[in-house]
Protein chains: 2
Amino acid sequence: MPTPERTSIDAIVAAGQEIIEVDGPAGLTMQAVAERVGVRAPSLYKRVRDREALRVAVATASVDALATELEAAGDDLSTLARTYRTFAHAHPEGFRLMFNAAVPHEALERSAAPVIRACATAVGEADALDAARLFTAWATGFLQMELSGAFRLGGDVDRAFEYGLRRLLASLAG
Amino acid sequence: MPTPERTSIDAIVAAGQEIIEVDGPAGLTMQAVAERVGVRAPSLYKRVRDREALRVAVATASVDALATELEAAGDDLSTLARTYRTFAHAHPEGFRLMFNAAVPHEALERSAAPVIRACATAVGEADALDAARLFTAWATGFLQMELSGAFRLGGDVDRAFEYGLRRLLASLAG
DNA sequence: ACCTGAACACCGTTCAAGT
DNA sequence: ACCTGAACACCGTTCAAGT
């Protein structure tokens, strides 16, 4: 006898995204997600293989959301960098999880594409990939350090970000 | 009646470092550490407050080890970058944990000092901190992406590292 | 003083039984 | 077909009792 579905993979992932921002990555338990979507924990196994798959699904949703924002930001590297930073500030735990779960390659590629395209414009096709990696590595590392409090002491973090961005753009232009 | 100590905080932290490299961060359980140092799990609570404190202690040990290697590397930014990368390759899980645990500020400062000093030589005292943040953010982000497999496809990763390093040094020189 | 077994709460996961 | 309670294994943590 068929029964109506009481939740969905989308609702489960959305619940996971909300939970990590409130309770941190350790709060992402099967029971917390189940309670939030209104089922019992065992029911989640109809939609996700295990907790690790749920972590990956939540991380992938974050990468997809980031990709959407980057695509809307256009081809300007400064705008892309600031969009990236705004995203990280808005969803710090989702941002962190992106680098702590095995996000499928297609999702990563989609979020990388706008940066690679902008770099191709700046340095030409031949060096576009290397330049995009330079740019993305800097932005990612900066945000990770900013969020983890590595910049706790000294200096203006906004100024350090703009300094890095300016230097990088100059380097790519040179 | 006093009893002889059957383990030590150093042995516990060393066991934790070994465990994460073999079994990953999820393998760092109180029971696994206890077994490795030859006591029962409850005994660990004589030396560490809880599992999170153990994670922090292991991460801090990694930062200290990194700082020691950076101090020995000298004042050349290229050498510092390659030393950092060699360290990350040798202890990938220890490297990742450094950014996923609340390492005390003094440890972070000690590992940052060699880079700040090298940057002061390169760009002067006024911009040394911003330059060090640019440099460290790039290297950290690059390694994190390299280790997490974000560079899985396309291009030579070694070449991308050297490309980024060259561009950054040029930028700081300019 | 440090160590341990026992106990408890909590979590991930499976599965037979419900609808 | 999906959902659930019950069950099991495993883990973090506490604590009284041992030496």
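These are my notebook entries on a core, a pair of helices and the cysteines of this structure.

I am working with a predicted model, in which local features need pLDDT of at least 70 and side-chain atom pairs count only at pLDDT 80 or more, while totals for chains, interfaces and linings use all residues. Residues are numbered from 1 along each chain as its sequence is written, chains are lettered from A in the order in which they are written, and side-chain values use heavy atoms, without hydrogens and water.

**Entry on the core.** I looked up the largest nonpolar core (buried Ala, Val, Leu, Ile, Met, Phe, Trp, Tyr and Cys residues joined through side-chain atoms within 4.5 Å) and found that it has 111 residues, with A:Trp138, B:Leu44 and B:Trp138 making the most contacts inside it. Buried here means under 20% relative accessible area, exposed over 50%, and partly exposed in between, with a 1.4 Å probe and protein chains only. Leaving aside neighbours within four places in sequence, I found B:Leu44 in contact (heavy atoms within 4.5 Å) with residues including B:Ile12, B:Met30 and B:Val33.

**Entry on B:Ile9.** The C-alpha atoms of B:Ile9 and B:Leu44 are separated by 8.7 Å, and the two residues are 35 apart along the chain. I noted that B:Ile9 counts as partly exposed because its relative accessibility is 37%. Beyond neighbours within four places in sequence, B:Ile9 is in contact with B:Arg47 and B:Val48.

**Entry on the cysteines.** I looked for disulfides (pairs of cysteine sulfur atoms within 2.5 Å), and the count came to 0 over all chains. A:Cys119 counts as buried because its relative accessibility is 0%, and B:Cys119 is likewise buried at 0%.
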